[in-house]
Amino acid sequence: MTAIDPDTLNADAEARKARLFTRINKADAWFQVLGLSWVTPILKAVAGDNPRAQISEIWRLLGVPLMAILLFLFAWASLAPTVQTSLGAIPGPGAVWEQAQNLHADAVREGEKATAFYERQDARNAEALANNEPDKVRDRVYTGRPTYYDQIWTSIKTVFFGFLIASIVAIPLGIAAGLSATANAALNPLIQIFKPVSPLAWLPIVTMIVSATYASDGFFAKSFLVSAITVTLCSLWPTLINTALGVASIDKDLVNVSKVLKMNTYTKITKLVLPSALPLIFTGLRLSLGVGWMVLIAAEMLAQNPGLGKFVWDEFQNGSSQSLAKIIVAVLTIGIIGFLLDRVMYAIQSLFTFTNHR
């Protein structure tokens with residue numbers, strides 16, 4: 001029997017360890033995109049890579065944020081009862097969590113009602129068809145009140161629709177402004193005038209224009225279009241400005257190469273301009289989506305359009321003992337969704353730009 005060389009065993013073990021750390025380092029890029037950078041030191045500690053140093057990194061990336069959250073919750077629970085309002089004391093974390101559970105339970109009950117409604121409707125239609133009475137077949141939509149989850153979904157759809165329109169408008173204009181000094185001179189005054197305008201100023205104008213020009217039986221509801229267009233008007237500026245800046249800052253040597261190769265405009269934009277300007281374009285898109293999310297909540301509150309903003313306003317007007325807690329649930333929901341939207345945009349940016357900027 002041939003003896004196994006210990007040096008060979010050690011070399012194999014080191015090679016396996018090196019491959020493991022390589023995989024961990026590759027996964028770390030996605031952990032950072034997802035906001036889970038603390039997973040990397042945990043994996044490295046488990047793999048035996050300097051556990052003391054990794055524990056210090058785990059504390060910095062995970063322990064410190066958790067400690068800050070716990071301190072915030074403690075301060076909130078301690079100070080909230082001392083602030084009295086017309087609706088009673090400010091609710092603490094326990095009361096807010098209870099109302100979050102109530103909103104979930106309400107959504108489940110409403111879902112059960114909708115399911116029962118459609119089951120009864122299907123049974124009636126089946127019976128009518130069995131009795132050879134097709135004229136009695138009816139397909140109606142359940143018209144129960146929207147649940148908390150329905151309003152969240154409405155706001156997300158609206159902000160993405162408005163953001164998409166803003167991107168379609170802003171990116172071509174930004175490319176034109178970055179490539180042409182004349183186009184930049186033409187667009188700059190408009191940017192400086194309209195960029196600071198509040199969504200509360202745009203909203204009545206948009207409402208009147210949509211009401212006057214859009215048919216009530218169109219594909220989109222008027223309230224949806226009003227909110228989405230308001231988002232567009234307020235969120236396109238960061239993308240436009242960053243796109244123009246990214247295009248204008250392209251290396252002049254690359255521009256000279258495009259001239260030497262006699263690239264046409266389309267080839268120049270797709271092969272040279274966009275790849276070079278993508279990091280700044282995505283920075284503008286992330287900023288625009290964040291602005292759009294904030295604008296949307298304000299627009300929904302003021303115009304009473306369906307969504308989280310309307311939910312907050314309705315609870316404020318309701319004035320029940322649970323209203324404050326429900327409003328705080330909505331505030332936390334808005335913040336968490338805003339964070340997740342930014343993570344989604346950063347993940348897309350990482351796929352296309354291969355940058356490490358966060």
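Let me begin with Trp30, which is found in helix H1, residues 6–33, where helices are DSSP runs of H or I with at least four residues, numbered from the N terminus. What we have here is a predicted model, in which local features need pLDDT of at least 70 and side-chain atom pairs count only at pLDDT 80 or more, while totals for chains, interfaces and linings use all residues. Residues are numbered from 1 along each chain as its sequence is written, and side-chain values use heavy atoms, leaving out hydrogens and water.

Trp30 joins Val344, Ile348, Leu351 and Phe352 in a nonpolar patch on the surface, with about 480 Å² of accessible area together. Such a patch takes residues with over 30% relative accessible area and no salt bridge, nonpolar side chains (Val, Leu, Ile, Met, Phe, Trp, Tyr) being joined within 5 Å; the areas come from the Shrake-Rupley method with a 1.4 Å probe, and for residues only the protein chains shown count as cover. Helix H12, residues 323–353, gives the most to this patch, with four residues.

Turning to salt bridges, meaning a side-chain nitrogen of Lys or Arg within 4 Å of a carboxyl oxygen of Asp or Glu, a search of the whole structure finds five. In one of them, Arg60 pairs with Glu57, the closest N and O atoms being 2.5 Å apart. Because Arg60 and Glu57 are three residues apart in helix H3, residues 51–79, about one helical turn separates them.

Definitions and conventions:
Patches are made of residues with over 30% relative accessible area and no salt bridge: like charges are joined within 9 Å, nonpolar side chains (Val, Leu, Ile, Met, Phe, Trp, Tyr) within 5 Å. Helices (H or I, at least four residues) and strands (E, at least two) are DSSP runs, numbered from the N terminus.
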